[in-house]
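Trainee: I would like a close look at one part of this protein. Could you walk me through it slowly?

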Amino acid sequence: MYIPSFNKFESEQEAIVFMQRYSFATIVTSVDDIPVATHLPFIVEQRDDKLVLSSHFAKANPQATGIEGKNALVIFTEPHAYISPTNYEKETNVPTWYYLAVHAYGKVTLLNETSDLLARTISNYEENYLQQWNNLTDDYKQKMMKGIVGFEIIVDDLQAKKKLSQNRSEQEKESIINTLSKSINTTENETAEYMKLIKLKH
């Protein structure tokens, strides 16, 4: 991913927090030189000094076939917003788009056992449902687990970008924040909140 120096996340930890917040991501792999993608919820966790991404495919998904040991790209993104040139001080400007995105690369390892993965996924997204899941019959749970392919990716390259007016004047930043904050679009509101965080840190 192309990342100018002023658009970099400040730390790996900041990128991890972002990934955990926007954890419904896109996994991209290649089959016969053709990129294929699936949109999945991920568990993003640090184990010792490693960053690990965990999720599962539907077993019927062709992308799950032959993926063991293959390189994968997982894209985490949101929020984003169109930026009108009316926010800039000079007329000689063009529209642009503000966004945050993290690209995580690593090799795919399939999981032979998926019960722990499902329990951790439930705990991550709806902890109160875990008791209901545990009370379901073993036959039902086994049937569900036979229909999925669990996997993990140990991240070996993490690229994180936030394009949020870092190279703009303070007046222009304030104008953009005010515009996005007043929007009825929640992704634009969230973009403004991230811009405010940058201002607080500097």
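Mentor: We start with one residue and then move to the core and the strands. Keep in mind that this is a predicted model.

Take Thr-26. Thr-26 sits in strand S1, which covers residues 24–31. Its relative accessibility is 18%, so Thr-26 counts as buried, because the cut-off for buried is under 20%. The side chain of Thr-26 makes a polar contact with the side chain of His-39, at 3.0 Å. Leaving out residues up to four places away in sequence, Thr-26 touches Ala-37, Thr-38, His-39, Leu-73, Val-74 and Ile-75.

Now the core. The largest nonpolar core has 40 residues. Ile-27, Phe-42, Leu-53 and Phe-76 touch the most other members. Many elements feed this core. Among those that each supply at least two residues are S1, helix H1 (12–21), strand S4 (50–58) and strand S5 (71–83). Helices H5 (170–181) and H6 (186–201) are also among them.

Look at Phe-42 again. Beyond its neighbours within four places in sequence, Phe-42 is in contact with residues including Ile-27, Leu-53, Phe-76, Tyr-125 and Phe-151. Another core, of 5 residues, lies apart from the largest one. Leu-118, Ile-122, Trp-133 and Met-145 are among its members.

Last, the strand pairing. S5 and S6 run antiparallel and pair over 11 bridges. Here Asn-71 stands opposite Lys-107 in S6. S6 also pairs with S7, again in the antiparallel sense, over 12 bridges. There, His-103 stands opposite Gln-159 in S7.

Notes:
Residues are numbered from 1 along each chain as its sequence is written. This is a predicted model: local features need pLDDT of at least 70, side-chain atom pairs count only at pLDDT 80 or more; totals for chains, interfaces and linings use all residues. Side-chain values use heavy atoms; hydrogens and water are left out. Helices (H or I, at least four residues) and strands (E, at least two) are DSSP runs, numbered from the N terminus. Buried means under 20% relative accessible area, exposed over 50%, partly exposed in between (1.4 Å probe, protein chains only). A polar contact is a pair of N or O atoms within 3.5 Å; within protein, one must be able to donate a hydrogen and the other to accept it, and residues adjacent in sequence count only if both atoms are side-chain atoms. Contact means heavy atoms within 4.5 Å. A nonpolar core is a set of buried Ala, Val, Leu, Ile, Met, Phe, Trp, Tyr and Cys residues joined through side-chain atoms within 4.5 Å. Two strands pair if DSSP finds at least two bridges between them.
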